[in-house]
Amino acid sequence: MATGSSVERALNDIVSLCKRRGFVFPSSELYGGFAASWDYGPLGVELKNLIKRLWWDEMVTSREDVVGMDCAVTMNPRIWEASGHVESFHDPMVDCKTCGQRFRADNLSEEYCPKSPSKKVSECGGELTPARNFNLMFKIHWGPTEEEDSISYLRPETCQPLFTNFRNITTATRMRVPFGIAQIGKAFRNEITTKAFLFRQREFEQMEMEFFCHPSEAQEWYEKWREVRLNWHKSLGLNPARLRTAPHPPDKLAHYAKAALDIEYQFPMGWGEIEGVHNRGDWDLSRHGQFSGKSLEYRDDRTNERFIPYCVETSAGLDRTFLALMSDAYDQDMAPNDKGEMEKRDVLRFRPRVAPITVAVFPLSRKPDLEELARKIESDLRRVYNHRSMYDETGSIGKRYRRQDEIGTPLCITVDFDTLEDHAVTIRNRDTMQQIRVSMETVATAVADQIRDMEHSFDRG
Ligand code: ATP
């Protein structure tokens, strides 16, 4: 069984690679850091953008029945009263008088004791205070005064403005029920305990879609969306054996939910939710109708029937998807160094579609003839692979391969002295480490073939 320290070791390898190679840095590091806050570096932001683009393509651009929005982070605080967050967005919290740390009271058998890392908090014997409720919303003052009536909140989820814009969307667009509204954006929760790198943060990003439908069709849509969402995670290249769905038992359903499930991924520290799919019934539109005094009832043009649409929600965490991809892709094996000796290699085995860099091109030495050819190949490929190519001329070839392995680049191309004679280059594959020699004229086709083969190997599982 994994202990606190072995889990930490597995995760620490990923955290350390993320920092070493510019995926994720601790926020405010210069000032000693800031709890549970992370900055995405040059490669991290590329990976994040790829995930967002793939989500947006799947959920918005490829569909006729979903539109996108980008809404304000801060909203009229009445929205959070209507949604139930002011009243009940609480986690039960306990303080440990022995170690001075604060824990979620419902999670004591999951969390490791900071003083005895091999033990869970429930069994370490620390003296805990009685549980009390803690509201997870960050309060802010909106405007120049700090009065009671200027209090608002940073949104703890991105979905609420999608409900409050329901009427705007049906009026301004031709969308008719059933249809969805989607957005990607930041959310903020004052989590009691933060842990496991990007998994539980106080500032994070969500990719949410609210799908409005007739009440009689909600269960069917819930099942359809569950499949769409699970398949999307698989399409990123995540190992299907490390993905599962966990339905919420009826007695554990949130007050608004008619049915709900989590899509979970098996992280180094265990199974954890990466996305929720919920049938929220008519809770949201009804409550916003009541609290605003403006009914959000919908009239079907064809049947003249009036009803409050039900809503099926898909709510994915961008940072947790990022962490799942890093955990899934991270591997260690043995590879030859420049002297032909085998040594340990860190490699990210990303599916090519999520690799921040698709192909890297190196001149063997800094000889101008070689540099010129390498730069030409790189700039031609750059156009084909949406700028996901890289030119690198520093360090030995072995070191350059290792750097690309660590960032998950599927293919590297080397221009060497023979290239000047035979007009051929070497393509080296990240996973098989095999090298093939191809003529410069056919390099683009050879790269495309290998990328396609690597993609297919993920489809086959
Ligand atoms: P948990 O039970 O882990 O706290 P949740 O059920 O509160 O999660 P939801 O409210 O369903 O989460 O939010 C949808 C998604 O947003 C989650 O599946 C997760 O990917 C992401 N998410 C929620 N809270 C956080 C957080 N503190 N840090 C990073 N991502 C988060």
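This is a short tutorial dialogue on reading features in a predicted model.

Q: How is strand β12 placed, enclosed or open, and why?
A: Start with burial, residue by residue. Strand β12 covers residues 259-267, and 8 of its 9 residues are buried, so the strand is largely enclosed by the rest of the structure.

Q: Which strands pair with β12, and in what sense?
A: Look for bridges on each side. Strand β11, residues 243-247, pairs with β12 in the antiparallel sense over 5 bridges. Strand β13, residues 270-279, also runs antiparallel to β12, joined by 9 bridges. β12 and β13 form a hairpin, with 2 residues between them.

Q: Which residues can I use to check the register?
A: Take one pair for each partner strand. Ala246 stands opposite Asp262 in β12. Ile263 has Glu275 of β13 as its bridge partner. Keep a general point in mind: side chains in a regular strand alternate between the two faces of the sheet.

Q: Where is Asp70, and is it buried or exposed?
A: Place the residue, then check its accessibility. Asp70 is in the loop between β3 (66-68) and α3 (78-82). Its relative accessible area is 68%; the cut-off for exposed is over 50%, so Asp70 is exposed.

Q: What does Asp70 touch beyond its sequence neighbours?
A: Set aside residues within four places in sequence. Asp70 is then in contact with Gln183 and Ile184. For a distance check, use Ser292: it is 222 residues from Asp70 along the chain, and their C-alpha atoms are separated by 22 Å.

Q: How many salt bridges does the structure hold?
A: It holds 46. Read each one by its partners, then by their burial. Arg104 and Asp106 form one, with the closest N and O atoms 3.1 Å apart. Arg104 is buried at 14% relative accessibility. Asp106 is partly exposed at 45%.

Q: Which salt bridges link distant parts of the chain?
A: Check where each partner lies. Arg402 and Glu343 meet at 3.0 Å, N to O. Arg402 is in helix α11 (residues 397-407) and Glu343 in strand β18 (residues 342-348), 59 residues apart. Arg402 is buried at 13%, whereas Glu343 is partly exposed at 32%.
Arg353 and Glu455 form another salt bridge, with the closest N and O atoms 3.0 Å apart. Arg353 sits in the loop between β18 and β19 (359-363), and Glu455 in helix α13 (residues 443-459), 102 residues apart. Here Arg353 is partly exposed at 31%, and Glu455 is buried at 11%.

Q: Which residues are linked in a network of salt bridges?
A: Follow the shared partners. The network links Asp331, Asp333, Glu343, Arg345, Arg349, Arg402, Asp405, Arg428, Arg430 and Asp431.

Q: How many aromatic pairs are there, and how do I read one?
A: There are 14. Read the centre distance and the angle between planes. Phe166 and Phe179 are stacked, at 5.8 Å centre to centre with 10° between the planes. Phe166 lies in helix α6 (residues 166-172) and Phe179 in strand β9 (residues 179-188), so the pair ties together parts 13 residues apart in sequence. Phe166 is buried at 0%, and Phe179 is buried at 0%.
Tyr298 and Phe307 form an edge-to-face pair, at 5.6 Å centre to centre and 65° between the planes. Tyr298 and Phe307 are buried. Ring pairs link Phe163, Phe166, Phe179, Phe212, Tyr298 and Phe307 into a cluster.

Q: Where does an arginine lie over a ring?
A: Look for the charged end above the ring face. Arg320 has its charged end over Phe199, 3.7 Å from the ring centre. Arg375 lies over the face of Tyr391, 3.8 Å from the ring centre.

Conventions:
Residues numbered from 1 in each chain as written. Predicted model: local features only at pLDDT ≥ 70, side-chain atom pairs only at ≥ 80, totals over all residues. Heavy atoms only, no water. Buried < 20%, exposed > 50% of the residue type's maximum accessible area, 1.4 Å probe, protein only. Helix = DSSP H or I, 4+ residues; strand = E, 2+ residues; numbered from the N terminus. Pairing = 2+ DSSP bridges. Contact = heavy atoms within 4.5 Å. Salt bridge = Lys/Arg side-chain N within 4 Å of Asp/Glu carboxyl O. Phe/Tyr/Trp six-rings, centres within 6.5 Å; stacked < 30°, edge-to-face > 60°. Lys NZ or Arg CZ within 6 Å of the ring centre and 35° of its normal.
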